[in-house]
Amino acid sequence: MITNKEYKEKYTPEQIANKLKQVEEFEAKYGKSLRTKAIRKWCESIEYRKREWEFRQATLNLFNFNNRNRIYK
């Protein structure tokens with residue numbers, strides 16, 4: 001089962017800018033971490049967001065494929 005085949009930007013530029021501002025404030029208060037580095041990269045790169053979306057789609061498709069014969073109640 002393939003869900004969406006094409007990446008569409010889900011967030012507005014304002015939402016992304018707000019998230020980047022939150023990351024900057026967090027880093028100023030607590031210092032940098034791998035998590036803030038990843039979020040910063042996500043905010044600054046549309047290619048990174050696209051690859052992250054493709055990874056989530058592949059994970060979902062793999063889950064659906066592996067559980068296609070199970071019935072959840």
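Which helices do the buried residues of α2 pack against? They pack against α1 and α3, where buried means under 20% relative accessible area, exposed over 50% and partly exposed in between (1.4 Å probe, protein chains only).

A word on the source: this is a predicted model, in which local features need pLDDT of at least 70, side-chain atom pairs count only at pLDDT 80 or more, and totals for chains, interfaces and linings use all residues. Residues are numbered from 1 along each chain as its sequence is written, and side-chain values use heavy atoms, with hydrogens and water left out.

**Overall layout**

Along the sequence the pattern reads α-α-α, and the count is three helices and zero strands. Helices (H or I, at least four residues) and strands (E, at least two) are DSSP runs, numbered from the N terminus. Of the protein's 73 residues, 16% count as buried. Take the contacts (heavy atoms within 4.5 Å) with a separation of 6 or more: residues 24 or more positions apart account for 54% of them.

Here are the buried residues, helix by helix.

| Helix | Buried residues | Arc around the axis |
|---|---|---|
| α1 (residues 13-30) | Ile16, Leu20, Val23 and Glu27 | 55° |
| α2 (residues 34-44) | Thr36, Trp42 and Cys43 | 120° |
| α3 (residues 46-66) | Arg49, Trp53, Gln57 and Asn61 | 110° |

The arc is that of the directions from the helix axis to the C-beta atoms.

**Helix α1**

The 18 residues of α1 should span 26 Å at 1.5 Å a residue, and its end C-alpha atoms are 25 Å apart, which agrees. That expected span is 1.5 Å times one less than the number of residues. The buried residues of α1 are Ile16, Leu20, Val23 and Glu27. They cover an arc of only 55°, which puts them on the same side of α1. As background, an α-helix has 3.6 residues a turn, so residues three or four places apart point the same way. What covers the buried residues of α1 includes α2 and α3. Over on the other side of α1, Glu14, Ala28 and Lys29 are exposed. After α1 comes Gly31, with a positive phi near 95°.

**Helix α2 and its meeting with α3**

In α2, Thr36, Trp42 and Cys43 are buried. Seen down the axis, they fall within an arc of 120°, so they line one face of α2. The face turned away from that buried side carries exposed Leu34, Lys37 and Glu44.

How do α2 and α3 sit together? They pack at an angle of about 110°, with their axes 5 Å apart. The two are therefore roughly perpendicular, a label given to angles of 65 to 115 degrees. At the contact, Ala38, Lys41, Trp42, Cys43 and Glu44 from α2 meet Ile46, Tyr48, Arg49 and Glu52 from α3. By class, that makes five nonpolar, no polar and four charged residues.

**Helix α3 and the segment before α1**

With 21 residues, α3 reaches 30 Å from its first C-alpha to its last, close to the 30 Å expected. The buried residues of α3 are Arg49, Trp53, Gln57 and Asn61. Their arc is only 110°, which puts them on the same side of α3. These buried residues pack against α1 and α2.

Lys5 is found in the segment before α1. Lys5 is exposed, with a relative accessible area of 71%. Lys5 and Gln57 are 52 residues apart in sequence, yet 8.7 Å apart in space, C-alpha to C-alpha.

Terms used: Axes are lines fitted to C-alpha atoms, for helices over the stretch in contact, and angles run from 0 to 180 degrees between N-to-C directions. Angles under 35 degrees count as roughly parallel, over 145 as roughly antiparallel, 65 to 115 as roughly perpendicular and the rest as oblique. Ala, Val, Leu, Ile, Met, Phe, Trp, Tyr, Cys and Pro count as nonpolar, Asp, Glu, Lys and Arg as charged, and the others, Gly among them, as polar.
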